[in-house]
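Trainee: Can we go through a few of the labels in this one? I'd like to see the reasoning behind each.

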Amino acid sequence: MRIQIAVFNHLLNQQPAVRAELAAHAGRRVGIALAPLTVRGVITDDGWLAACEGEPEAVIRLQHAAALAAVSGRDPALSDVSLEGDAELAVAIGRLIARLRWDAGEDLSRVMGDVAANRLQRVARASLGFKGEIAWRLLENWVEHLREEAPMLASRQAVGSYLRAVDSLRDDVARSEKRLARLEAVLVKPKE
């Protein structure tokens, strides 16, 4: 867990404005989950995340499609983000997390120097530029196809609707069984 907190704090270090706003929630325990990774901790007075004991007051669970949307510069779908616990805190933290961006160039410049990092970044963008954009769009379209057009992946709403229908059917069957039992009792009851 300490590594996840260190990575999260590294992102906060690159975004001082987000960290300052996060400090407004000092003392609150939060969790962020993007399977298989989970970050849980308490917000410090300086806006950092620190390890803590106990369950988080608010948890933000992200689906992988939310991460893909963030990388491609789009807002994630509401179905890809779920909030648990204190909803007000979860929404506030979620908005701050949405603004976090990794500045890879800054990290590379520490290791390689500014000029080499700048060149490597340009080469990466050029090599991934058009091809990378096509790859991301194909991946996004594939995920959308699996969810919407050829529903191999059930949406959260479809699963919820199905479960409600099963629960309703179960309750109807239970009521019918009770009615049948009462009718059988009346028919079997000896006449006096």
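Mentor: Sure. Helices (H or I, at least four residues) and strands (E, at least two) are DSSP runs, numbered from the N terminus. Keep in mind that this is a predicted model.

Trainee: Where does that put Ala23?

Mentor: Ala23 sits in the loop between helix H2 (16–22) and strand S1 (29–34).

Trainee: Why is Ala23 called buried?

Mentor: Buried means under 20% relative accessible area. Ala23 has a relative accessible area of 19%, so Ala23 is buried.

Trainee: And what does Ala23 touch, leaving aside neighbours within four places in sequence?

Mentor: Ala23 is in contact with Ile43, Thr44, Asp45, Asp46 and Gly47, with those neighbours left aside. Take Ile43: Ala23 and Ile43 are 20 residues apart in sequence, and their C-alpha atoms are 6.8 Å apart in space.

Trainee: What makes Asn9 buried?

Mentor: Its relative accessibility is 14%, and the cut-off is under 20%, so Asn9 counts as buried. Asn9 belongs to helix H1 (residues 2–14).

Trainee: Which residues does Asn9 touch, not counting those up to four places away in sequence?

Mentor: Trp48 and Leu49, with that exclusion applied.

Trainee: How do you know that Ser82 counts as buried?

Mentor: By the same kind of check: Ser82 comes in at 16% relative accessibility, against a limit of under 20%, so Ser82 counts as buried. Ser82 is part of strand S5 (residues 81–85). Not counting residues up to four places away in sequence, Ser82 touches Val59, Ile60, Arg61 and Arg156.

Methods. Residues are numbered from 1 along each chain as its sequence is written. This is a predicted model: local features need pLDDT of at least 70, side-chain atom pairs count only at pLDDT 80 or more; totals for chains, interfaces and linings use all residues. Side-chain values use heavy atoms; hydrogens and water are left out. Buried means under 20% relative accessible area, exposed over 50%, partly exposed in between (1.4 Å probe, protein chains only). Contact means heavy atoms within 4.5 Å.
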